[in-house]
Amino acid sequence: MAQDSDTRSGFVQMLADGINALGDFVFSTINIFGLEVEWIVAFLALPMIILTLYFGFVNVTSFKRAWRIVKGDYHDDSADGEVTQFQALATALSGTVGLGNIAGVAVAISTGGPGATFWMVLIGFCAMTLKFAECTLGVKYRDVRADGTVAGGPMYYLERGLKTRGAGWSKTGKFLAWSYALLALPTLLQVAQVNQSFEAVAAVTGIDSEPSRWGFGVIMALLTAIVIIGGIKSIASVTARLVPAMAGIYIVGALIIIGSHITEVPAAFVTIFESAFSLEAGMGGLIGTIIIAMQRAVYSTEAGLGSATMAHAAAKTNEPVSEGMVALMEPFVDTVVVSTMTALVIVITGVYLDQSGAAGISLTSTAFGSVISWFPWVLAVAAFLFAYSTIISWGYYSGKVWEFLFGGSNQSMNLFKIIFCVALVPGAVFSVSEVYTLMDSMFFLMAVPNVIGIYLMAPELKRDLKDYLARLRSGEIKANT
């Protein structure tokens, strides 16, 4: 439902051209065994696989333990931090569970076919380990201030963590930390969330013009300002309520549709699996599907981006590894569960076969509406809330990056909040391909220094994991009774 270049103002078209040029640069390809592969996609896929093997499939062996930690079985009220481990998870989930699952999956299927779902889930499974690694570091090297507030994220663990390896590593750590911060700063442009929530609203109201898109952006900016002024405690309070409610509404709707087509579910899985390994378009087509899935999975899980570490760093715990285990649940909920449900709805209803041009959340809305005529209205509300919760979470993330670069004075942070909210306004005026090109480009770039640092600190993480598990087995760390 995006506008074409003939109906847009010259200013908007100029911005769109700039976005496409950025995407061409970031997603340039390299030739591997005769196949053109986007180098940055391969760069992010490798650590997910390598670390999963290196840490002995911690994403599987520690999953049950992670659930106990989230429930509060090991909660310590005296520990440093600002929010509970559940609230930290909810805040991080609000930045991942959302339009990446509703719209991102639809984009993957419409461009890469149903098989993209299989690769998204597989990548999401491996992403659990990468999320564990970065969030463990986020807590271990966070900055706890005298007033009890916390600052954390790749900016801190890249600099502090590598500095502990000796004087020769100090400059490397500082370079990676500042590189990350500078590359992460543009992520304050949360245009994809505004864009796709507007598409959901426009799909059910029929209101779609450039003035209405600008107006929607203004409304979203004002609502965001109300929450982010309150800081992490305000954000955590909102997301701890919004995320379960939003996910519940969406999942119930998906289950109703899947249940009404229960006999078609096996065939849908067969379609997904066969499409995942289809060579009808040649090996290049298969690689292309995997790349599309990788892009959408990274955007959906945010594994490797380091963003979620800023929320997890605020958790009340003195055990960094325990928070890493909490964090590994994010990609599972986000990609393995919710995204699979979205894919099943789209495949079962067959809307992906329609060549009318629907993509993104419009495709998902059509799929739900084909079974439950009024559900697109519910989806529009859920999409709005998903987008809203993601935006306020990224308001916190971007704020921490801003604080690292420009200082945390009241004047500096107030300026950031104004810029962050104003930057939301033009989000709805771009096409779905343009907003995803912009967000993918920024996300993938900021992951580069973060992933390099995680590779360098992987042996340290492995020792910490081994020590934590040993103390659990010995009884030194006891569950609350």
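Helices here are DSSP runs of at least four residues, numbered from the N terminus. The model is predicted. With that numbering, Phe57 can be placed in the loop between helix 2 (39-54) and helix 3 (58-61). Phe57 has a positive phi of about 55°, although it is not a glycine. Its relative accessible area is 38%, and partly exposed covers the range between 20% and 50%, so Phe57 counts as partly exposed.

Next, consider helix 20, which runs over residues 410-422. How far apart should its ends be? At 1.5 Å a residue, its 13 residues should span 18 Å, and the end C-alpha atoms are indeed 18 Å apart, so the two values agree.

Which residues of helix 20 are buried? They are Ser412, Met413, Phe416, Lys417, Phe420 and Cys421. Seen down the axis of helix 20, these buried residues fall within an arc of 160°, so they line one face of the helix. The general rule behind such a pattern is that an α-helix has 3.6 residues a turn, so residues three or four places apart point the same way. On the other side of helix 20, Gln411, Ile418 and Val422 are exposed. The cover over the buried residues of helix 20 includes helix 11 (210-228) and helix 19 (375-406).

The last topic is the largest nonpolar core, which has 151 residues. Among these, Met48 and Met325 touch the most other members. Helix 21 (residues 432-474) gives the most to this core, with 19 residues. Leaving aside neighbours within four places in sequence, Met325 is in contact with Ser62, Arg65, Ala66, Ile69, Phe132, Leu465, Tyr468 and Leu469.

Note on methods:
Residues are numbered from 1 along each chain as its sequence is written. This is a predicted model: local features need pLDDT of at least 70, side-chain atom pairs count only at pLDDT 80 or more; totals for chains, interfaces and linings use all residues. Side-chain values use heavy atoms; hydrogens and water are left out. Helices (H or I, at least four residues) and strands (E, at least two) are DSSP runs, numbered from the N terminus. The expected span of a helix is 1.5 Å times one less than its number of residues. Buried means under 20% relative accessible area, exposed over 50%, partly exposed in between (1.4 Å probe, protein chains only). The arc is that of the directions from the helix axis to the C-beta atoms. Contact means heavy atoms within 4.5 Å. A nonpolar core is a set of buried Ala, Val, Leu, Ile, Met, Phe, Trp, Tyr and Cys residues joined through side-chain atoms within 4.5 Å.
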